[in-house]
Amino acid sequence: MKSSKRILLFGSTGVIGSHFAKIIKKQGYKIVIADHPESQVKKLAKNINCNFIEIDAKKPNDLIDKIKDSYKFFNGFDCGIFNVAITRSEEHTSELQSPD
């Protein structure tokens, strides 16, 4: 039964993630969306009527702690979708360039 399946979607507010969230919700699954605190995660959750978690994927301890807390709070998940892209600021782009 779809309505009893719980899905945790990371990276839910970008173009792909927001479409995933809307489709999953429309299909009748229980969805919890997760994204970084500066994103539109609260707004999306309100628009599609679902729960949300603010997680900073750049901080491993925050990521692990919030997943554990969410797992307990929502009584587990049946599926997790990791749709996260961690972008770097311009000050760190020199670290990513080739040494030519």
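The lining of the largest pocket, by class, comes to ten nonpolar, eight polar and four charged residues. Before I go on: this is a predicted model. The pocket holds about 400 Å³ of space. In total 22 residues line it, and D35, H36, V84, A85 and I86 are the ones nearest its centre.

Which element gives the most to that lining? Helix α1 does, with three residues. Both α1 and strand β2 supply at least two residues each. Those two elements come up again in the fold, so I'll take the fold next, starting from β2.Strand β2 covers residues 30-35. Is it mostly covered or mostly open? Mostly covered: five of its six residues are buried. It has a paired strand on record here in β1, residues 6-10, with five bridges joining the two. β1 and β2 run parallel. If you want one pair to look at on screen, take F10, whose bridge partner in β2 is A34.

β2 also pairs with β3, which is residues 51-54. Here there are four bridges, and again the strands run parallel. The pair to look at is I33 and its bridge partner in β3, F52. From β2 the chain crosses to β3 through helix α2, residues 41-48, and this β-α-β crossover is right-handed. The unit before it is built from β1, helix α1 at residues 15-26, and β2; that β-α-β unit is right-handed too.

Now the helix ends and the loops. K26 sits in helix α1. Is K26 buried or exposed? It counts as exposed, because its relative accessibility is 74%, and the cut-off for exposed is over 50%. K26 and I48 are 22 residues apart along the chain, and their C-alpha atoms are separated by 8.8 Å.

Next, two backbone angles. What is the phi of N49? It is near 60°, a positive value in a residue other than glycine. N49 lies in the loop between α2 and β3, which is part of the crossover I described from β2 to β3. With 60% relative accessibility, N49 counts as exposed.

N75 is the other one. Its phi is also near 60°, positive, and again the residue is not glycine. Where is it? In the loop between α3, residues 60-73, and β4, residues 79-82. N75 is exposed as well, its relative accessible area being 62%.

Last, a residue on the covered side. S70 is found in helix α3. It is buried, because its relative accessible area is 5%, and buried means under 20%. What does the side chain of S70 reach? The backbone oxygen of K66, at 2.7 Å.

To go back over the main points. The largest pocket has 22 lining residues, with α1 giving the most, three. β2 is joined to β1 by five bridges and to β3 by four. N49 and N75 each have a phi near 60°. S70 is buried, whereas K26 is exposed. That is what I have for today.

Notes. Residues numbered from 1 in each chain as written. Predicted model: local features only at pLDDT ≥ 70, side-chain atom pairs only at ≥ 80, totals over all residues. Heavy atoms only, no water. Buried < 20%, exposed > 50% of the residue type's maximum accessible area, 1.4 Å probe, protein only. Pairing = 2+ DSSP bridges. Right-handed = clockwise from strand over helix to strand, strands pointing away. 1 Å grid on protein atoms, 1.4 Å probe; cavity = no way out; pocket = protein on both sides within 12 Å on 5 of 7 lines; lining within 4 Å. Points joined across faces, edges and corners; volume = space filled by probe spheres on them. Nonpolar A, V, L, I, M, F, W, Y, C, P; charged D, E, K, R; others polar. Polar contact = N/O pair within 3.5 Å; in protein donor to acceptor, adjacent residues only side chain to side chain.
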